[in-house]
Amino acid sequence: MNTHNIYNNLKKVDLNILIADDNELKLRFNISKEKTIDELRKFLTLTAVEKMAMVPSEEVDFVFHKLLEHPVLRGEVEQILGGVLRHDPTLSGRKMRTMFSKTLSCYAPLFGTPPRENFNKAATCSVDVIR
């Protein structure tokens with residue numbers, strides 16, 4: 001499945017229910033729910049297309065953790081991605097920064113320049129899809 005098919009199929013999944021209160025995102029990260037959900041979809045698409053571990057931004061990671069806690073939505077997403085999501089919460093230091101830089105360089109050709117408000121700080125984890 002190509003990038004646009006994965007991304008478009010993820011757009012059909014109602015991930016908005018992961019965030020009940022938009023104020024939580026605005027207070028923590030000064031960003032809207034819609035924008036963060038869209039960036040989560042793009043991040044998940046990257047993990048499937050690039051076939052390697054990627055490091056999300058803190059904002060995307062915040063919503064990704066909510067996805068991990070929602071088994072029905074997680075199952076739908078994993079079916080679209082073609083494998084099981086693996087989350088490694090032990091990343092830090094140079095490796096984290098290198099992987100985050102790689103994530104950003106993979107993002108640009110597929111989705112354009114990453115928005116600064118969503119990519120100003122790396123999360124301390126990585127995510128990949130196990131096939």
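**Notebook: loops, helix faces and cores in a predicted model**

I began with Lys51, which lies in the loop between helix 3 and helix 4. I kept in mind throughout that the model is predicted. The phi of Lys51 is near 55°, a positive value in a residue other than glycine, and at 62% relative accessibility I count the residue as exposed.

I then looked up Asn30, which sits in the loop between helix 2 and helix 3. Asn30 is not a glycine either, yet its phi is positive at about 55°, and with a relative accessible area of 66% Asn30 is exposed. I also noted Gly82, which follows helix 5 and has a positive phi near 85°.

Next I turned to Pro56, in the loop between helix 3 and helix 4, and asked whether Pro56 is buried or exposed. Pro56 is buried, with a relative accessible area of 0%. Setting aside neighbours within four places in sequence, I found Pro56 in contact with Phe43, Asp61, Phe100, Ala122, Ala123 and Cys125. I also checked the C-alpha atoms of Pro56 and Lys102, which are 46 residues apart along the chain and are separated by 11 Å.

For helix 1 (residues 3–11), I listed Thr3, Ile6, Tyr7 and Leu10 as buried. Looking down the axis of helix 1, I saw that its buried residues fall within an arc of 95°, so they line one face of the helix. These buried residues pack against helix 3 (33–50), helix 5 (71–81) and helix 6 (93–111). At the start of helix 1, I noted a side-chain oxygen of Asn2 that comes to within 3.0 Å of the backbone nitrogen of His4.

I treated helix 5 in the same manner, and found Leu73, Val77, Glu78, Ile80 and Leu81 buried. Down the axis of helix 5 these residues fall within an arc of 160°, so they line one face of the helix, while on the other side Pro71, Val72 and Gln79 are exposed. The partners against which the buried residues of helix 5 pack are helix 1, helix 3, helix 4, strand 1 (84–88) and strand 2.

I then asked which of the 32 residues in the largest nonpolar core touch the most other members. They are Leu15, Leu44, Leu67, Leu81 and Leu85. Two or more residues each come from helix 1, helix 2 (22–29), helix 3, helix 4 (58–68), helix 5, helix 6 and strand 2 (126–130), and helix 3 gives the most, with 6 residues. I followed Leu85 further and, leaving out neighbours within four places in sequence, recorded contacts with Leu44, Phe64, Leu67, Arg74, Val77, Glu78, Val127, Asp128 and Val129. I also found a second, separate core of 6 residues, which includes Leu91, Met96, Phe100 and Ala122. As background, I noted that nonpolar side chains tend to be buried together in soluble globular proteins.

My last entry concerns Arg41, whose place is in helix 3. Arg41 is buried yet has no salt bridge; the nearest side chain of opposite charge, that of Asp38, is 4.7 Å away, whereas a salt bridge would need a side-chain nitrogen within 4 Å of a carboxyl oxygen. Beyond its neighbours within four places in sequence, I found Arg41 in contact with Tyr7, Leu10, Lys11, Val13 and Leu15; of these partners, Tyr7 and Leu10 are among the buried residues of helix 1.

Terms used: Residues are numbered from 1 along each chain as its sequence is written. This is a predicted model: local features need pLDDT of at least 70, side-chain atom pairs count only at pLDDT 80 or more; totals for chains, interfaces and linings use all residues. Side-chain values use heavy atoms; hydrogens and water are left out. Buried means under 20% relative accessible area, exposed over 50%, partly exposed in between (1.4 Å probe, protein chains only). Helices (H or I, at least four residues) and strands (E, at least two) are DSSP runs, numbered from the N terminus. The arc is that of the directions from the helix axis to the C-beta atoms. Contact means heavy atoms within 4.5 Å. A polar contact is a pair of N or O atoms within 3.5 Å; within protein, one must be able to donate a hydrogen and the other to accept it, and residues adjacent in sequence count only if both atoms are side-chain atoms. A nonpolar core is a set of buried Ala, Val, Leu, Ile, Met, Phe, Trp, Tyr and Cys residues joined through side-chain atoms within 4.5 Å. Lys and Arg count as positive and Asp and Glu as negative; His and the chain ends are not counted.
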